[in-house]
Amino acid sequence: MAGTSLCSIVLVLLAVRLVASHGAITEATGDAGGAGSAIGIDPTTPRDGTRRRPFQQDSTRFRGDAADTCGETLGAGNNEIETGVQTVMEQNGDTLPQITPGGSVQMTVHQVNGDGAGPYNCMISADGTGTQWTPIEVTENVPGERGRNRQGETTDFPLTAAIPADQTCTGTVAGQENVCMVRCENPARAGPFGGCVPIQMAQSAQRPARRDLTEDSELVAEIYDELHADGEEI
């Protein structure tokens, strides 16, 4: 009986330890500028410890009702995209990471403890809703093996994902147009851990609108009539 009880306690402790393992995408910028983070990030969370409280409160885990979209955090529950993007903008000067087709998004992953390590996979949602994801290339990754790296605890690592050359961003979220969502996650058994980073296609990268030739013709006709009425030679 005593052996069974001891075994149960060990299993519970192991389960707690596995769940209490995270990585958070605390910063992001695009190749065209701007700033942001993963949704759900609380900048007041201390980054110098590994315990569940308070160090893991804003780390995203892709489990529960929002497992297929943008996951959940211990501190705030499901990551809601609309309010999450609005909060990211409020925390970063009313901006989002600005990207271009063929560009990149550069992120900072804060590895809280052992299970927040790499390698990370990234994917993109062109309409920003997080309901359909397309894999994208990771060009700079977080060290680790199967999501574990005990030497990386309480450390920041760069994570860079390439934006496809033909990428478009069609989402309208929190009053912003041309929004995509990038989701990055590690393969930890207790996770996956990572986050969803809203990004925005830079205005200069959007295709220019086609000119209305009818309006141009009407403008030329008006100028011609005015000059003719004033007796100017044409």
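**Salt bridges, nonpolar cores and the packing of helix α2**

Arginine 150 is partly exposed, its relative accessibility being 42%. The structure considered here is a predicted model. In this model, arginine 150 is joined by a salt bridge to glutamate 153, with 3.7 Å between the closest N and O atoms. Glutamate 153 is likewise classed as partly exposed, having a relative accessible area of 22%.

This pair belongs to a total of six salt bridges. Another links aspartate 115 to arginine 148, and here the closest N and O atoms lie 2.0 Å apart. Aspartate 115 is located in the loop between β7 (104-111) and β8 (121-125), whereas arginine 148 is located in the loop between β10 (138-140) and β11 (155-162); the salt bridge therefore ties together parts that are 33 residues apart in sequence. The two partners differ in burial: aspartate 115 is buried, with a relative accessible area of 3%, while arginine 148 is partly exposed at 38%.

A further salt bridge is formed between the side chains of arginine 183 and glutamate 185, with an N to O distance of 2.7 Å. Arginine 183 is buried, with a relative accessibility of 7%, and glutamate 185 is also buried, at 16%. Besides this contact with a carboxylate, the charged end of arginine 183 sits over the ring of phenylalanine 62, at 3.8 Å from the ring centre. By contrast, the number of aromatic pairs in the structure is zero.

The largest nonpolar core comprises 25 residues, of which Val105, Met107, Leu159, Cys184 and Ile199 touch the most other members. At least two residues of this core come from each of β1, β7, β8, β11, β13 (176-185) and β14 (193-201). The surroundings of methionine 107 were examined further. Beyond the residues up to four places away in sequence, methionine 107 touches Ile25, Glu27, Ala28, Cys122, Phe157, Pro158, Leu159, Ala161, Cys184 and Val197. A separate core of 13 residues lies apart from the largest one, and its members include Ile39, Phe62, Cys70 and Cys196. Phenylalanine 62 is thus both a member of this second core and the residue whose ring lies beneath the charged end of arginine 183.

Alanine 24 forms part of strand β1 (residues 23-30) and is buried, with a relative accessible area of 1%. When neighbours within four places in sequence are set aside, its contacts are Ile41, Arg47, Asp58, Ser59, Thr108, Val109, His110 and Gly194. Between alanine 24 and arginine 61, which are separated by 37 residues in sequence, the C-alpha to C-alpha distance is 9.3 Å.

Helix α2 (residues 81-91) contains the buried residues Ile81, Gly84, Val85, Val88 and Met89. These residues span an arc of only 135° around the axis and therefore lie on the same side of α2. Such an arrangement accords with helical geometry: an α-helix has 3.6 residues a turn, so residues three or four places apart point the same way. The elements covering the buried residues of α2 include β2 (33-36), β12 (171-173), β13 and β14. Strands β13 and β14 thus help to cover the helix and also supply residues to the largest nonpolar core. Just after α2, glycine 93 adopts a positive phi of about 70°.

Terms used
Residues numbered from 1 in each chain as written. Predicted model: local features only at pLDDT ≥ 70, side-chain atom pairs only at ≥ 80, totals over all residues. Heavy atoms only, no water. Salt bridge = Lys/Arg side-chain N within 4 Å of Asp/Glu carboxyl O. Helix = DSSP H or I, 4+ residues; strand = E, 2+ residues; numbered from the N terminus. Buried < 20%, exposed > 50% of the residue type's maximum accessible area, 1.4 Å probe, protein only. Contact = heavy atoms within 4.5 Å. Core = buried A, V, L, I, M, F, W, Y, C linked by side-chain atoms within 4.5 Å. Arc of directions from axis to C-beta. Phe/Tyr/Trp six-rings, centres within 6.5 Å; stacked < 30°, edge-to-face > 60°. Lys NZ or Arg CZ within 6 Å of the ring centre and 35° of its normal.
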